[in-house]
Amino acid sequence: MSLYFFRIDHGRYAGASDQPYECDSHDAAWREMTAVCANLVSSISRCLKQNADWQMELLDEAKKPIFRIRLVGESVG
């Protein structure tokens, strides 16, 4: 089992979790990340400002990014 961490970045707020998650594989870690992200996205999207973005990264034991999910609010045109 490998240890993984989450990091969230939203404008002035950015931080990584102190508590690791144990997963059997990168695929299992991806599934965990998407489940956690799904629980957060509805509240994040209601508060997202124009031309702002929110992102969640899954970090390995060395706290290097493996996966990233981004939510971007853009003015187009």
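Buried here means under 20% relative accessible area, exposed means over 50%, and partly exposed is in between (1.4 Å probe, protein chains only). This is a predicted model, where local features need pLDDT of at least 70 and side-chain atom pairs count only at pLDDT 80 or more, while totals for chains, interfaces and linings use all residues. Residues are numbered from 1 along each chain as its sequence is written, and side-chain values use heavy atoms, with hydrogens and water left out.

**View 1. The whole protein has one helix and five strands**. Helices (H or I, at least four residues) and strands (E, at least two) are DSSP runs, numbered from the N terminus. Reading from the N terminus, the order is β-β-β-α-β-β. The C-alpha atoms fit a box of roughly 45 × 20 × 20 Å along the principal axes. Of the 77 residues, 22% count as buried.

**View 2. Helix 1 has a bend and a capped end**. The bend is about 40 degrees and sits at Val41; it is the angle between axes fitted to the seven residues ending there and the seven starting there. With 22 residues at 1.5 Å a residue, helix 1 should span 32 Å, and its end C-alpha atoms are 30 Å apart, which agrees. That expected span is 1.5 Å times one less than the number of residues. At the N-terminal end, Ser25 is the cap, with a side-chain oxygen 3.4 Å from the backbone nitrogen of Asp27.

**View 3. Four residues of helix 1 are buried: Ala28, Ala29, Met33 and Cys37**. Their cover includes strand 1, strand 3 (21-23), strand 4 and strand 5 (65-73). Contact means heavy atoms within 4.5 Å. Leaving aside residues up to four places away in sequence, Cys37 touches Trp54, Met56 and Ile69.

**View 4. The largest nonpolar core has twelve residues**. Such a core is a set of buried Ala, Val, Leu, Ile, Met, Phe, Trp, Tyr and Cys residues joined through side-chain atoms within 4.5 Å. Among its members are Tyr4, Phe6, Cys23, Leu48, Trp54, Leu58 and Ile69. Strand 1 (2-10), helix 1 (26-47) and strand 4 (52-59) each chip in at least two residues, with helix 1 giving the largest share, four.

**View 5. Strand 4 runs antiparallel to strand 1 and to strand 5**. Two strands pair if DSSP finds at least two bridges between them. Five bridges join strand 1 to strand 4, and Phe6 stands opposite Leu58. Strand 4 and strand 5 share eight bridges, one of them linking Asp53 with Val72. Five residues lie between the strands of the hairpin of strand 4 and strand 5, where Lys63 takes a positive phi near 65 degrees. Six of the eight residues of strand 4 are buried, so this strand is largely enclosed by the rest of the structure.

**View 6. Glu57 of strand 4 makes polar contacts with two arginines, Arg7 and Arg68**. A polar contact is a pair of N or O atoms within 3.5 Å; within protein, one must be able to donate a hydrogen and the other to accept it, and residues adjacent in sequence count only if both atoms are side-chain atoms. The side chain of Glu57 is 2.6 Å from that of Arg7 and 2.6 Å from that of Arg68. Glu57 counts as buried because its relative accessible area is 5%.

**View 7. Lys49 sits in the loop between helix 1 and strand 4**. Lys49 counts as exposed because its relative accessibility is 61%. The C-alpha atoms of Lys49 and Arg68 are 20 Å apart, with the two residues 19 apart along the chain.
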